[in-house]
Amino acid sequence: MTRRLDDAVLADVERRLSSADDALAHRYPGDDGRRQPVHTVYVPGTRYSATTPADWGSAALAAARDAGGLDAVAALVGANDDSDRSADTLAALVEHKLTTEPIEDLRIDFEDGYSPSDGTADDAAEDADVARSITVLRTALDAGTSTPFVGIRFKSFEAGTRARGVRTLDLFVSGLVAAGGLPDGLTLTLPKVTSVDQVEAMVAVASALEAANGLPHGRIRFEVQVETPQAILDADGRAPVARFIHAGQGRVSSLHYGTYDYSASLGIAAAYQSMEHPAADHAKNVMQLAVAGTGVHMSDGSTNVLPIGDRDNVATAWKLHARLVRRHLERGIYQGWDLHPAQLVTRYLATYAFYRGAFAPAAARLRTYVQQLDSTVMDEPATARALASVIHRGSVCGALTADEIETATDLPLSTVRGIALGRPTRSTP
């Protein structure tokens, strides 16, 4: 073997790429292992109570019973079509979820879904509703009945609403600290972002709140709602949404697509505003590229077609919702919004069917990869991570049990999680 390049050439390459290596590691650190909820539920600030999660779960189960049970709804919406498990198993898992953890992520809404409880629009009314929400949330947290993730959506940093938005944010965060501290799953939502400057302003507000409340630097993170065309394409032809993440200085936890504000901003007629409109897909494709490798999560939006009213209306809405949930899961978007308790039925039926349908082939291929068995499919490390990821996500949300995962993969659940996060490589269990 003849080698003609000396070590100086490699040293020169290392020197040239050193800054790029550092920037890549800083800007694209990869998945940090945080749990991502399968959905976010928005509840107006005036309607939130300590029993909201349990109430929604009970209402969802009642809606399913009225339609003949969870197995009947699963058949109605085609949730069993690609699952190699019985309908009874799927129904039992979803019933358990709706009984024990019906809402994974709850947002107390002080923006579009909020109307002050006394009917006025002054600061005193909203202040009172914020104070009440703090008391209610503290009660739920102390009782252990709160959701894994919880927080508020405050008004945007647009000129006309930013003063009220900052005031509500301050009252909520400072009030929670004074009432016993911030919950681990605190999630704050900054809506209608139109510029990188607004993200930078939110970083400054978060830092100021930490200093004022004696919190460690970086404790306050936030979601960015992508619901304006200016977030996707600016006047210079760039994609600001990608810059939002990096301007957030590690504080941006997720990007959420806003179905109806975004569609309306493009002039799309109300009848055609949907999570599956081509304009929505374009925005979400850009968002998906923006979050790739950053460790920032991404959520699809909502459908406002609710499963209420007569039996036909309920069936039609459930079919639509289940199809849209399945659609974004297939496209690699693992979270969405739910607006009504009855939507929890199809949220979990469609989500669980997706993970259970993917489970058997993923488990077999992962086992073959790890044990280096002969196979007609040659999987690479990146594919192994994808195989482990779908299993891990299914486990976290309750679609798959630890026993069936470990039996099918012949691996400890911790090893599957490690592969999903890109940590271990091939090893014999």
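Two strands count as paired here if DSSP finds at least two bridges between them. Keep that in mind as you click through this predicted model.

**Start with confidence**

Colour the chain by pLDDT. The mean for the protein chain is 94, and 97% of its residues reach 70 or more. Now select residues 425-429: pLDDT stays under 50 there, and the model has 9 contacts for this stretch beyond four places in sequence. Treat that segment with some care as you go.

**The sheet**

Next, show the strands. You'll find an open sheet of 8 strands, paired in parallel, in the order β7-β6-β5-β4-β3-β2-β1-β8. Which strands stand at the edges? Select 297-299 and 336-338: these are β7 and β8, and each has a single partner strand, so one side of each is left without a neighbour in the sheet. From one strand to the next, the twist averages 30°.

Now zoom in on residues 105-109 and 149-153. These are β2 and β3, which run parallel and are joined by 5 bridges. To see one partnership, pick D109 and look across to R153 in β3, its bridge partner. Then bring up residues 162-178, helix α6, which packs on the sheet and touches β2, β3 and β4 (186-190). The direction of α6 makes about 175° with that of β4.

**Along β4**

Stay with β4 for a moment. On the β3 side, 4 bridges join β3 to β4, and the two strands run parallel. Click V150 and then L186: L186 is the bridge partner of V150 in β4.

Turn on the side chains of β4. Which way do they point? L186, L188 and L190 go one way, T187 and T189 go the other way, and all are buried. With 5 of its 5 residues buried, β4 is largely enclosed by the rest of the structure.

**Three residues to click**

First, E111. Look in the loop between β2 and α5 (123-143). Is E111 buried or exposed? Its relative accessible area is 9%, so E111 is buried, given a cut-off of under 20%. Show its contacts and, leaving aside neighbours within four places in sequence, you should see R153, F154, K155, P191 and K192. You've met R153 already, as the bridge partner of D109.

Then move to Q198, in helix α7 (residues 196-213). Q198 has 10% relative accessibility and counts as buried as well. Beyond four places in sequence, Q198 touches F157, E158, L190, K192 and V193. K192 is also among the contacts of E111, while L190 is one of the buried residues of β4. For a distance check, draw a line from the C-alpha atom of Q198 to that of V252: the two are 54 residues apart along the chain and separated by 12 Å.

Last of the three is A50, which sits in the loop between β1 (39-44) and α2 (52-66). A50 is partly exposed, with a relative accessible area of 25%. Not counting residues up to four places away in sequence, A50 touches V136, T139, A140 and T145. Try the C-alpha distance from A50 to V94 too: 22 Å, with their positions 44 residues apart along the chain.

**The largest pocket**

Switch to a surface view. How much space lies in the largest pocket? About 920 Å³. The pocket is lined by 34 residues, and the closest to its centre are D31, Q36, Y334, S389 and R393, so select those five to find it. 

Then colour by element: α11 (278-291), β7, α14 (381-397) and α16 (413-420) each give two or more residues to the lining of this pocket. The largest share, 8 residues, comes from α14.

**The cavity**

Finish inside the protein. A search of the whole structure finds 1 cavity of 30 Å³ or more, and its volume is about 30 Å³. Select M275, G301, S302, T303, H321, L324, V325, W337 and R347 to see the lining. Helix α12 (residues 311-330) gives the most to that lining, with 3 residues.

Key
Residues are numbered from 1 along each chain as its sequence is written. This is a predicted model: local features need pLDDT of at least 70, side-chain atom pairs count only at pLDDT 80 or more; totals for chains, interfaces and linings use all residues. Side-chain values use heavy atoms; hydrogens and water are left out. Buried means under 20% relative accessible area, exposed over 50%, partly exposed in between (1.4 Å probe, protein chains only). Contact means heavy atoms within 4.5 Å. Axes are lines fitted to C-alpha atoms, for helices over the stretch in contact, and angles run from 0 to 180 degrees between N-to-C directions. pLDDT is the predictor's confidence in each residue, from 0 to 100. On a 1 Å grid over the protein atoms alone, a cavity is a set of points where a 1.4 Å probe fits but cannot get out, and a pocket is an open set with protein on both sides within 12 Å along at least five of seven lines; lining residues have an atom within 4 Å of a point. Grid points are joined across faces, edges and corners, and a volume is the space filled by probe spheres set on the points.
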